[in-house]
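Q: Please take a close look at one part of this model, the spaces within it and the ligand site, and describe it in a connected way. I would like to know which residues and elements are involved.

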Amino acid sequence: MAQSSVKKEYLFKILVIGELGAGKTSIIKRYVHQYFSQHYRATIGVDFALKIINWDENTVIRVQLWDIAGQERFGNMTRVYYKEAVGCILVFDVTRPASFEAVQKWKLDLDTKVQLPNGSRIPCVLLGNKCDQAREGFFLTHEQMDAYCKEKGFIGWFETSAKDNIHIDESATFLLGKVLENAMNDTTLTEVDGDRIAIDPTTDYDTDKGGCKC
Ligand code: GTP
Ligand code: MG
């Protein structure tokens, strides 16, 4: 039957959160555009990026990345930005211990403001970024990081470098695998146009940004 040639297309809203200057925008630029700049320009509010992934021969994933400014932890908008997200990347800077201390505040903010349709926490991966640089005071062992992630409810963690392109693709693929697994088990998903799947068919995505107008 022609059934096997039908591609399934998913649209996933993925949040990228963490302290000011941790490297969220740089990670997204590396992941989506294979580009890195030393120049720091703080994100204001939220930025967006889209990456289209041919996951396998039957599955296309449109990853809509929401790059939330670090300063938003002190604002009131995160609840709005988090709405209907299905995955999260939480970033800290291994050269700045204070950014690791803020991880649990970000995770709490996330878990109290957004859940999957079935009420469970959205999968979140923890990234210790700037691993190309010397760590200043951040000396958790791999075992301690594993225990920390288990305790705080992260699906896993990676040391990354947006600068040297270390574990950027791997960590995103790891998260997307989990998000896809959740989506395939989620009965609230609705097929659109026969072969396209939307997380929420009532969401009106802007076609200019590459999203679907469902
Ligand atoms: P806000 O938008 O303010 O929340 O910050 P952000 O988390 O988006 O940080 P951004 O990506 O703008 O990076 C901050 C600074 O860190 C920039 O100067 C980047 O060049 C630098 N940077 C980001 N990632 C890396 C990395 O992996 N290694 C090194 N050495 N520098 C990095
Ligand atoms: Mg930024």
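A: In this predicted model, the second largest cavity holds about 40 Å³ of space. Its lining is made up of Ile-14, Tyr-31, Val-63, Leu-65, Ile-89, Ala-172, Leu-175 and Leu-176, and when these residues are sorted by class, eight are nonpolar, none is polar and none is charged. Two elements, S3 and H6, each contribute at least two residues to this lining, with H6 giving the largest share, namely three residues.

This space is one of two cavities of 30 Å³ or more in the structure. The largest cavity contains about 50 Å³ of space, and around it lie Ile-27, Ile-28, Tyr-31, Leu-65, Ile-89, Ile-168, Ser-171 and Ala-172. Here the elements that provide two or more lining residues are H1 and helix H6, which spans residues 168–184. By class, the lining of the largest cavity comprises seven nonpolar residues and one polar residue, with no charged residue. Tyr-31, Leu-65, Ile-89 and Ala-172 therefore belong to the linings of both cavities.

From these enclosed spaces one can turn to the largest pocket, which has a volume of about 880 Å³. It is lined by 36 residues, and those closest to its centre are Thr-25, Ser-26, His-39, Tyr-40 and Arg-41. H1, S2 and strand S3 (59–68) each supply at least two residues of this lining, and the element that gives the most is H1, with six residues. The composition by class is 13 nonpolar, 14 polar and nine charged residues.

Thr-25, one of the residues closest to the centre of the pocket, also takes part in binding the metal. The magnesium ion, which is ligand 2, is coordinated by OG1 of Thr-25 and OG1 of Thr-43, at 2.0 Å. Because Thr-25 belongs to helix H1 (residues 24–33) while Thr-43 sits in the loop between H1 and strand S2 (46–56), the pair ties together parts that are 18 residues apart in sequence. With a relative accessibility of 23%, Thr-25 counts as partly exposed, whereas Thr-43, at 11%, counts as buried.

Thr-25 has a further contact, this time with ligand 1: an N or O atom in the Thr-25 side chain is 2.8 Å from an oxygen atom of that ligand. Ligand 1 is surrounded by 24 residues, of which Lys-24, Ser-26, Ser-37, Gln-38 and Tyr-40 are the closest. For Lys-24, an N or O atom of the side chain lies 2.7 Å from an oxygen atom of the ligand. Gln-38 makes its approach through the backbone, with a polar backbone atom 2.7 Å from an oxygen atom of ligand 1. Gln-38 is located in the loop between H1 and S2 and, with a relative accessible area of 62%, is exposed. Between the C-alpha atoms of Gln-38 and Ser-26, which are 12 residues apart along the chain, the separation is 8.9 Å.

How values were computed. Residues numbered from 1 in each chain as written. Chains lettered and ligands numbered in written order. Predicted model: local features only at pLDDT ≥ 70, side-chain atom pairs only at ≥ 80, totals over all residues. Heavy atoms only, no water. Donors = N, O, S within 2.8 Å, 3.2 Å for Na, K, Ca; no water. Helix = DSSP H or I, 4+ residues; strand = E, 2+ residues; numbered from the N terminus. Buried < 20%, exposed > 50% of the residue type's maximum accessible area, 1.4 Å probe, protein only. 1 Å grid on protein atoms, 1.4 Å probe; cavity = no way out; pocket = protein on both sides within 12 Å on 5 of 7 lines; lining within 4 Å. Points joined across faces, edges and corners; volume = space filled by probe spheres on them. Nonpolar A, V, L, I, M, F, W, Y, C, P; charged D, E, K, R; others polar. Near = heavy atom within 4 Å. Polar contact = N/O pair within 3.5 Å; in protein donor to acceptor, adjacent residues only side chain to side chain.
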